[in-house]
Amino acid sequence: MSSYPPTLLRLIKQFAKLPGIGEKTATRLALHILNISSQGAASLAQNILDVKEKIKLCSVCFGLADTELCNICADPGRNNGVLCVVEEADDLMALEKSGVFKGRYHVLHGALSPLNGIGPDDLKIKQLVDRIRKNGIKEVILANNTDVEGEATASYLAKLLSSLPVRVTRIASGIPIGCDIKYTDQVTLKRAMEGRRGI
Ligand SMILES: [Zn+2]
């Protein structure tokens with residue numbers, strides 16, 4: 001790699017810092033950039049700057065937006081009575097992609113983690129309570145991750161919201177599609193049993 005000219009080497013090193021990109025892929029990407037037109041390269045560079053400058057948090061749900069409201073909050077056709085709480089903006093994107101949810105979202109921006117010094121004030125919890133109070137939300141679906149911190153955050157929220165006139169539900173967790181029962185861990189099996197439904 002060191003035999004590349006320093007300018008190209010700098011780009012390879014930059015690419016290699018990106019998540020999921022190893023040295024080989026970084027080199028391939030840098031060589032690809034070398035081969036595209038100057039206009040294509042300028043457009044790519046401008047896109048990167050635009051993302052940094054223009055993408056902000058939606059003022060309502062704290063998802064990603066390049067205007068005051070994100071596409072979902074600006075959509076009048078969504079169900080205002082149901083709010084789905086997620087940890088990160090990419091969780092929201094994944095749920096949107098599935099097309100199963102037509103309500104509104106609220107992005108917490110993390111999970112409670114006392115060991116890392118992350119408490120309720122570090123997440124968008126106060127804003128969540130305000131939204132529920134002001135907007136007549138009937139159901140809050142807790143779609144926090146199912147790891148220890150996500151579960152702790154969901155429990156905290158369930159307790160916090162129990163004093164409000166809103167139904168609080170937790171997304172079901174169970175055995176992934178195409179998975180063999182004998183290779184499934186005990187916690188997942190227990191959850192799957194508890195969350196069973198009629199067919
Ligand atoms: Zn929004």
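Which residues are buried in helix 7? To reach the answer in context, it helps to begin with the whole chain, bearing in mind that what is shown above is a predicted model.

The protein chain contains eight helices and six strands, and, when read along the sequence, these elements follow the pattern α-α-α-β-β-α-β-α-β-α-β-α-β-α. The domain assignment divides the chain into domain 1, covering 6-54, and domain 2, covering 78-172, and the C-alpha centres of these two domains lie 36 Å apart. The overall dimensions can be described in two ways: the C-alpha atoms fill a box of roughly 65 × 50 × 40 Å along the principal axes, and the radius of gyration is 22 Å, whereas a compact globule of 199 residues would have a value near 16 Å. Of the 199 residues in the chain, 18% count as buried. Among contacts between residues at least 6 apart in sequence, 44% join residues that are at least 24 apart.

The next step is to look at the interior. In soluble globular proteins, nonpolar side chains tend to be buried together. Here the largest nonpolar core has 24 residues, and those with the most contacts inside it are Val85, Val86 and Val107. The elements that each give two or more residues to this core are strand 3 (82-86), helix 5 (89-98), strand 4 (104-107), helix 6 (125-135), strand 5 (139-142) and helix 7 (148-161), and the largest share, four residues, comes from strand 3. Val107 shows what such a position looks like in detail: once its neighbours within four places in sequence are left aside, Val107 is in contact with Cys61, Phe62, Gly63, Val86, Glu88, Ala89, Leu92 and Lys124.

Helix 7 can now be examined more closely. Its 14 residues, at 1.5 Å a residue, should span 20 Å, and the end C-alpha atoms are indeed 20 Å apart, so the expected and modelled lengths agree. The buried residues of helix 7 are Gly150, Thr153, Ala154, Leu157 and Leu161. Seen down the helix axis, these buried residues fall within an arc of 100°, which means that they line one face of the helix. A general rule helps in reading this spacing: an α-helix has 3.6 residues a turn, so residues three or four places apart point the same way. The cover over the buried residues of helix 7 includes strand 3, helix 6, strand 5 and strand 6 (167-170), while on the other side of the helix Val148 and Lys159 are exposed.

Some single residues complete the picture. Phe62, one of the contacts of Val107, lies in the loop between strand 1 (56-57) and strand 2 (64-65), and Phe62 counts as buried because it has 23 C-beta neighbours inside 10 Å. The phi angle of Phe62 is near 70°, a positive value in a residue other than glycine. His109, in the loop between strand 4 and helix 6, also has a positive phi, near 65°, and is likewise a residue other than glycine; with 16 other C-beta atoms within 10 Å, His109 is partly exposed.

Lys126, which belongs to helix 6, counts as exposed because it has 10 C-beta neighbours inside 10 Å. The C-alpha atoms of Lys126 and Ala16 are separated by 38 Å, and the two residues are 110 residues apart along the chain.

Methods. Residues are numbered from 1 along each chain as its sequence is written. This is a predicted model: local features need pLDDT of at least 70, side-chain atom pairs count only at pLDDT 80 or more; totals for chains, interfaces and linings use all residues. Domain bounds come from an automatic or database domain assignment. A nonpolar core is a set of buried Ala, Val, Leu, Ile, Met, Phe, Trp, Tyr and Cys residues joined through C-beta atoms within 7 Å. A residue is buried if 20 or more other C-beta atoms lie within 10 Å of its own, exposed if 12 or fewer, and partly exposed in between; C-beta atoms are placed from the backbone. Two residues are in contact if their C-beta atoms, placed from the backbone, lie within 7 Å. The expected span of a helix is 1.5 Å times one less than its number of residues. The arc is that of the directions from the helix axis to the C-beta atoms. The radius of gyration is taken over C-alpha atoms; the globule rule is 2.2 Å times the number of residues to the power 0.38.
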